[in-house]
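Welcome! Below are some exercises, each followed by a worked solution. Take a look at the model, then work along at your own pace.

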Amino acid sequence: MSDKRICVVLKPDGSHEQIEYEYTDDWQDKVLGGKMLELGEISPLNVMVGVMDPDAPGNGPNSEKLNTYEMPDPQPKRVGDLRKEGKLFGDILVYNGDGDFQLDRWIMYKENPEDFDVDEDDDEDESDEEESDDDGGQESHTAAGPQVNSEESEEESEADADEDEDGDEDDGDDDDDAEEDPDDDDDATEEQGPASKKAKMS
C-alpha cells in the first residue's frame, strides 16, 4: 500500500506549488530530480528545507537554474550561504518529515511570518511549568500546616507543665500545715494534764 504525502516546492522563477509524492527512502531525490542537500529547518513551521546538491554529479537539468525565490526569515543559514555563493540551483523543497505540509500554510507564513514566531510546543511547556509551580506552592503550604500544629502542641505542653508546678506548690503548703499539727496536739495534752491530776486527787 502506497503512502501519499504533500510538500511544497519553491521554484527558481519565484513561484511556488504544492505537489503530492509517494513516500519512499529516496523520495526527495525523485522530487528534485537529483541528489538532495539538506539545508536545515524552519523551526516556526517545523519543516525541513532541501535543494539539489550543487556538488553532486549527475543532477538533473534544474540544477542549472539559479533559484531566486525570496524566503522569509527566519530561514536556514545555509540557504543564504548558497545564494551568496551563487550555488542555490533548482527547486527548493519544503517538507514535513512526519507528514503533510500544504501550500496554504506556507503562504500564510510567507505573508505574516511574525504570526509564527512562538512555537506551540513552547506554550505547552510554559503552561506545564506554571502548573508545576502552583502544585509546588500547595505542597509548601500543606507542609507548613504540621509545623503550626506542632507549635500549638508545644504551647499546650508548657501550659500543662505550669499547672503541674502550681499543683505541687499547693501540695507542699498542705504538707507544711500537716507538720504543724503535732504541736497543737502537745498543747492540748498539756491543757488536759492538770485536770486529769485533779480528777485523780478527788
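A residue counts as buried under 20% relative accessible area, as exposed over 50%, and as partly exposed in between (1.4 Å probe, protein chains only). The model is a predicted one, where local features need pLDDT of at least 70, side-chain atom pairs count only at pLDDT 80 or more, and totals for chains, interfaces and linings use all residues. Residues are numbered from 1 along each chain as its sequence is written, and side-chain values use heavy atoms, with hydrogens and water left out.

**Exercise 1.** Decide whether N96 is buried or exposed, and describe its surroundings.

*Solution.*
- Step 1: Find the place. N96 belongs to the loop that runs between strand 5 (92–95) and helix 3 (103–111); helices (H or I, at least four residues) and strands (E, at least two) are DSSP runs numbered from the N terminus.
- Step 2: Check the area. The relative accessible area of N96 is 17%, so this residue is buried.
- Step 3: List the contacts, meaning heavy atoms within 4.5 Å. Leaving out residues up to four places away in sequence, N96 touches Y21, N46, V47 and F101.
- Step 4: Look at the side chain. One of its polar atoms lies 2.8 Å from the backbone nitrogen of D98.

**Exercise 2.** Work out how the rings of Y21 and W27 are arranged.

*Solution.*
- Step 1: Recall what to look for. A pair of aromatic rings is described by the distance of the centres and the angle of the planes.
- Step 2: Set the cut-offs. Rings of Phe, Tyr and Trp (its six-membered ring) pair if their centres lie within 6.5 Å; planes under 30 degrees apart are stacked, over 60 edge-to-face, and the rest tilted.
- Step 3: Search the whole structure, which gives 5 aromatic pairs.
- Step 4: Read off the pair. Y21 and W27 are stacked, at 3.8 Å centre to centre with 10° between the planes.
- Step 5: Add the burial. Y21 has a relative accessible area of 5% and is therefore buried; W27 is buried too, at 4%.

**Exercise 3.** Describe the pair formed by Y109 and F116, and name the cluster that holds them.

*Solution.*
- Step 1: Y109 and F116 are edge-to-face, with 5.5 Å centre to centre and 85° between the planes.
- Step 2: Y109 is buried at 0% relative accessible area, and F116 is buried at 10%.
- Step 3: Ring pairs join Y69, W106, Y109 and F116 into a cluster.

How values were computed: A polar contact is a pair of N or O atoms within 3.5 Å; within protein, one must be able to donate a hydrogen and the other to accept it, and residues adjacent in sequence count only if both atoms are side-chain atoms.
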